[in-house]
Amino acid sequence: MSSSPPSTNLLLFRSLTVVFLMAGSIWGATPLTTTTVATGLTNPVFVTSPPGDTTRLFIVEKAGRIKILKGGAVLPQAFVSVSSLVTTAGSEQGLLGLAFPPDYSASGHFYIDYTRLADGATVIARGHATP
């Protein structure tokens, strides 16, 4: 059995990786750091906030809950819970996203993306809350 040469794409990928690694060390790239801002969450997958809202962060948990971080603490009451509608059977299933339209402060509408319990299909749903 003869071995075939590496594909052009693999060679290009390896070359680019070396260039990026070298560029980071040559240009003195700043290392990334992390800071814990909340604890007590279960599988957080996404964080966002409504347009113009600088006091709250909305944290999406894979199992179907959206929690709010305000004043450095996670509020005890979930913003939304759709756990009964969501499947988390696969590694990339569950409640996966949250979006606020530009007029959220007036309309109270928001959108969530989740995988449906019954069949694993992706669902985009609109909800309403008091902003």
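Q: Which residue stands opposite glycine 97, and in which strand does that partner lie?
A: In this predicted model, where local features need pLDDT of at least 70, side-chain atom pairs count only at pLDDT 80 or more, and totals for chains, interfaces and linings use all residues, a strand is a DSSP run of E with at least two residues, numbered from the N terminus. Residues are numbered from 1 along each chain as its sequence is written, and side-chain values use heavy atoms, with hydrogens and water left out. Here, glycine 97 faces aspartate 113 of strand 7.

Q: How many bridges join strand 6 to strand 7?
A: Two strands pair if DSSP finds at least two bridges between them; strands 6 and 7 are antiparallel and joined by 4 bridges. The open sheet has 3 strands in the order 6-7-8, with antiparallel pairing, and its edge strands, each pairing on one side only, are strand 6 (95-99) and strand 8 (122-128).

Q: How many aromatic pairs are found in the whole structure?
A: Rings of Phe, Tyr and Trp (its six-membered ring) pair if their centres lie within 6.5 Å, and planes under 30 degrees apart count as stacked, over 60 as edge-to-face and the rest as tilted. The search finds 5 such pairs, including the tilted pair of phenylalanine 79 and phenylalanine 110, at 5.0 Å centre to centre and 55° between the planes.

Q: Is phenylalanine 110 buried or exposed?
A: Buried means under 20% relative accessible area, exposed over 50%, and partly exposed in between (1.4 Å probe, protein chains only). Phenylalanine 110 is buried, at 5%, and phenylalanine 79 is buried as well, at 17%.
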